[in-house]
Amino acid sequence: MDSLSSFLGKKKSVSKGVLWAVIGAVFMSLDPLFIRSSGVSGYDTVFLFGLYTSVSMAILVQQQEKRSIISVIRRDGWPLVLTSLLMLGSATAFVLSVKKTTVANAFMIQAATPAVAALLGWLLLKEKTKTTTWLAIIGVTIGVGIVVQGSLGSIHWKGDLLALVSVFCVAMIFTVLRKYPEMNRIALVGLGGFLLAVSMFMSAQPATYSWKTWGVMAVMGLLTAPLGRVAGMMATRYIKASEVTLTLMLQNVLAPVLAWYIFDEVPSLSTILGGGLLFSTVLLYTLSLVFRENSTA
């Protein structure tokens, strides 16, 4: 009876982790729509994102913990501060990459995150990575290679490089969260947003923003972006960092499709082929996570 309860509990946990990761992917796939619609520079976009995020997350922490975000940061200590600094790096690099390269390139390069997360988990946490995960990573790596090959020698190389910086930071965030599963994810995103706003304040020009800019970034900074990141981080409580980042790659397919539809940003043939491989890999792997426990019944 105890073994059955343990099995059902584990199965439920895996499903929860996948669900959180899918929700995070859907929300984060909307990021480039707001970034492109903001009408301001990359630094101004980062500033507004950080400003709104710090406010919304501080309010959520107060409601959740019944204490201030400062108290939660003190309680969780250096791991929370470290991951917030990593969020500063990842968010800044990501926003600037979307400004300097195509949405498809920026998001497809993000697909390298699982490989980096798996490697960091193996090196730092001594985690065993399942064969299915490595097979999925191989498929993802091939897909990324197809996408990047199509942009070699173009003017987008700076944006592509920034996307790679963001990949490393995100992989490190999920690795640290896996090590400290009880860390408050909302406070992490809130502190990260505050650091973003402070670091970009001197470069930003808020007096020049239109009401449209304030409104567009309010939707992103107060709702979709922080909630997407919190959902992705919540998934690490139930499944491995490499598994979370692989499921989150659904955003790498959704975002280019949305950019194609809304901004008429037609992806290249290599992006379409690589994206198709990525989508197929992520779909099959996500389904394997949900039903994996059934095979051991």
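What share of the 297 residues in the protein chain do buried residues make up?

## Overall build

In this predicted model, buried residues make up 52% of the 297 residues in the protein chain. The secondary structure of the chain comes to 14 helices and zero strands, so that a reader following the elements from the N terminus on meets the run α-α-α-α-α-α-α-α-α-α-α-α-α-α.

The contacts of the chain can be described by how far apart their partners lie in sequence. Of the contacts with a separation of 6 or more, 91% are accounted for by residues that are 24 or more positions apart.

## The cavity and its lining

A search of the whole structure finds one cavity of 30 Å³ or more, and the volume of this largest cavity is about 340 Å³. Its lining is formed by 19 residues, and those that lie nearest the centre of the cavity are Met28, Gln110, Val170, Arg229 and Gln251. Two or more residues are given to this lining by each of the elements α5, α9 (157–179), α11 (211–235), α12 (241–248) and α13 (250–263).

Sorted by class, the lining of the largest cavity holds ten nonpolar, seven polar and two charged residues. As for the idea behind such a search, rolling a probe the size of a water molecule over the atoms shows where empty space is left.

## Two salt bridges

The whole structure, when searched, yields two salt bridges. One of them is formed by Arg229 and Asp31, whose closest N and O atoms are 2.8 Å apart; this pair links distant parts of the chain, since Arg229 belongs to helix α11 and Asp31 to helix α2 (residues 31–37), with their positions 198 residues apart. Both partners, Arg229 and Asp31, are buried, and Arg229 is also one of the residues nearest the centre of the largest cavity.

The other salt bridge joins Asp76 to Arg75, with the closest N and O atoms 3.1 Å apart. Asp76 has a relative accessibility of 18% and therefore counts as buried, the limit being under 20%. Arg75, at 39% relative accessibility, counts as partly exposed, because this value falls between the limits of 20% and 50%.

## Thr83 in helix α5

Thr83 is found in helix α5, which covers residues 78–100, and the residue is buried, because its relative accessible area is 0%. The side chain of Thr83 reaches the backbone oxygen of Leu80 at a distance of 2.9 Å. When neighbours within four places in sequence are left aside, Thr83 is in contact with Ile173, Val176, Met183 and Leu188.

## Partly exposed positions on the helices

Ala58 lies in helix α3 (residues 42–65) and is partly exposed, with a relative accessible area of 27%. Although Ala58 and Gly193 are 135 residues apart along the chain, their C-alpha atoms are separated by 10.0 Å. Val165, whose place is in helix α9, counts as partly exposed at 39% relative accessibility, and its C-alpha atom is separated by 9.6 Å from that of Thr92, which is 73 residues away along the chain.

Val116 is found in helix α7 (residues 113–124), where its relative accessibility of 23% makes it count as partly exposed. The C-alpha atoms of Val116 and Ile137, two residues that are 21 residues apart along the chain, are separated by 9.6 Å. Not counting residues up to four places away in sequence, Val116 touches Val167, Phe168 and Ala171.

## Arg237 in a loop

Is Arg237 buried or partly exposed? With a relative accessible area of 35%, Arg237 is partly exposed, and its place is in the loop between α11 and α12. Arg237 and Leu177 are 60 residues apart in sequence, while the distance from C-alpha to C-alpha is 8.0 Å.

Beyond residues up to four places away in sequence, Arg237 touches Arg178, Pro181, Glu182, Met183 and Arg185. Met183 in this list is also among the residues with which Thr83 of helix α5 is in contact.

Key
Residues are numbered from 1 along each chain as its sequence is written. This is a predicted model: local features need pLDDT of at least 70, side-chain atom pairs count only at pLDDT 80 or more; totals for chains, interfaces and linings use all residues. Side-chain values use heavy atoms; hydrogens and water are left out. Helices (H or I, at least four residues) and strands (E, at least two) are DSSP runs, numbered from the N terminus. Buried means under 20% relative accessible area, exposed over 50%, partly exposed in between (1.4 Å probe, protein chains only). A polar contact is a pair of N or O atoms within 3.5 Å; within protein, one must be able to donate a hydrogen and the other to accept it, and residues adjacent in sequence count only if both atoms are side-chain atoms. Contact means heavy atoms within 4.5 Å. On a 1 Å grid over the protein atoms alone, a cavity is a set of points where a 1.4 Å probe fits but cannot get out, and a pocket is an open set with protein on both sides within 12 Å along at least five of seven lines; lining residues have an atom within 4 Å of a point. Grid points are joined across faces, edges and corners, and a volume is the space filled by probe spheres set on the points. Ala, Val, Leu, Ile, Met, Phe, Trp, Tyr, Cys and Pro count as nonpolar, Asp, Glu, Lys and Arg as charged, and the others, Gly among them, as polar. A salt bridge is a side-chain nitrogen of Lys or Arg within 4 Å of a carboxyl oxygen of Asp or Glu.
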